[in-house]
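Colleague: I am new to this structure and would like a close look at a single part. Please take me through the core, then through what surrounds it.

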Amino acid sequence: ILKQENYQIKMLCVKPGQSLSLQKHKYRSEHWVVVKGEAKVTIANEIKKINVGESVYIPLKVKHRLENEHDAIDLMIVEVQTGSYLGEDDIIRYEDKYSR
């Protein structure tokens, strides 16, 4: 949606039954806001569900994952990234069902 120095805003769509990889970032933190659906969120060792209008903060260097456990509704997230480097090569993946 918007990319500037030290911050970036994205819209993420996670299809029903799908997830992002378990990952962390060296140079950026993220803030996720649910705008459609229900998210299952893993941050470090904590797992919780968040609904429309709710948000979570993922600090720098903390493992995290986003999942859509619903069987019919897309999960839509507004993601705000902040940090000194926002490139896609700052993703350290631990588990990834898509073999990236």
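Modeller: Start with the largest nonpolar core, which has 13 residues. W32, A39, V41, V56, L66, L75 and I77 have the most contacts inside this core. Several strands feed it. Strand 2 (7-14), strand 4 (28-36), strand 5 (38-43), strand 7 (55-58) and strand 9 (75-83) each supply at least two of the core residues. Strand 5 gives the most, with three residues. Keep in mind that this is a predicted model.

Now take one core residue, W32. Leaving out residues up to four places away in sequence, W32 touches L12, V41, E54, S55, V56, I58, H64, R65, L66, I77, V78 and E79. Among these contacts, V41, V56, L66 and I77 are also listed with the most contacts inside the core. W32 also has a place in the strand pairing. It stands opposite V56 in strand 7.

That brings us to the pairing itself. Strand 4 and strand 7 run antiparallel and pair over four bridges. Strand 4 is also joined to strand 9, again antiparallel, by eight bridges. One position to find there is V34, whose bridge partner in strand 9 is I77. I77 is also one of the residues with the most contacts inside the core. A general point helps when you follow such strands. In a regular strand the side chains alternate between the two faces of the sheet.

Next, look at Y57, in strand 7. Y57 counts as partly exposed because its relative accessibility is 46%. Apart from residues up to four places away in sequence, Y57 touches S29, E30, H31 and I43. One of these contacts is polar: the side chains of Y57 and S29 meet at 3.4 Å. For a sense of scale, compare Y57 with E79. The two are 22 residues apart in sequence, and their C-alpha atoms are 9.8 Å apart in space.

Move on to E67, in strand 8 (residues 64-67). What is its exposure? E67 has 18% relative accessibility, so it counts as buried, the cut-off being under 20%. Setting aside residues up to four places away in sequence, E67 touches Q18, S19, E38, A39, K40, T42 and L75. Two of those, A39 and L75, are among the residues with the most contacts inside the core.

Charged pairs come next. Side chains of opposite charge can pair when their charged atoms come close. The structure holds seven salt bridges. Three are worth finding.

First, K15 and D74. They form a salt bridge, with the closest N and O atoms 3.1 Å apart. K15 lies in the loop between strand 2 and strand 3 (22-25), and D74 in the loop between strand 8 and strand 9, so the pair ties together parts that are 59 residues apart in sequence. The two ends differ in exposure. K15 is partly exposed, at 46% relative accessibility, whereas D74 is buried, at 19%.

Second, K40 and E69. Their side chains meet in a salt bridge at 3.3 Å, N to O. K40 is in strand 5 and E69 in the loop between strand 8 and strand 9, so far along the chain that the pair links distant parts, 29 residues apart. E69 is partly exposed, with a relative accessible area of 44%.

Third, E95 and R65. Their closest N and O atoms are 2.7 Å apart, in another salt bridge. E95 lies in strand 10 (residues 91-95) and R65 in strand 8, so this pair ties together parts 30 residues apart in sequence. E95 counts as partly exposed, at 44% relative accessibility. R65 is buried, at 15%. R65 is also one of the residues that W32 touches. Elsewhere, salt bridges that share partners join K40, K49 and E69 into one network.

Finish with the rings. The structure holds one aromatic pair. Y27 and Y85 form this pair, edge-to-face, with 6.2 Å from centre to centre and 85 degrees between the planes. Y27 is in the loop between strand 3 and strand 4, and Y85 in the loop between strand 9 and strand 10. The pair links distant parts of the chain, 58 residues apart. Both rings belong to partly exposed residues: Y27 is at 41% relative accessibility, and Y85 is at 36%.

Notes: Residues numbered from 1 in each chain as written. Predicted model: local features only at pLDDT ≥ 70, side-chain atom pairs only at ≥ 80, totals over all residues. Heavy atoms only, no water. Buried < 20%, exposed > 50% of the residue type's maximum accessible area, 1.4 Å probe, protein only. Contact = heavy atoms within 4.5 Å. Core = buried A, V, L, I, M, F, W, Y, C linked by side-chain atoms within 4.5 Å. Polar contact = N/O pair within 3.5 Å; in protein donor to acceptor, adjacent residues only side chain to side chain. Pairing = 2+ DSSP bridges. Salt bridge = Lys/Arg side-chain N within 4 Å of Asp/Glu carboxyl O. Phe/Tyr/Trp six-rings, centres within 6.5 Å; stacked < 30°, edge-to-face > 60°.
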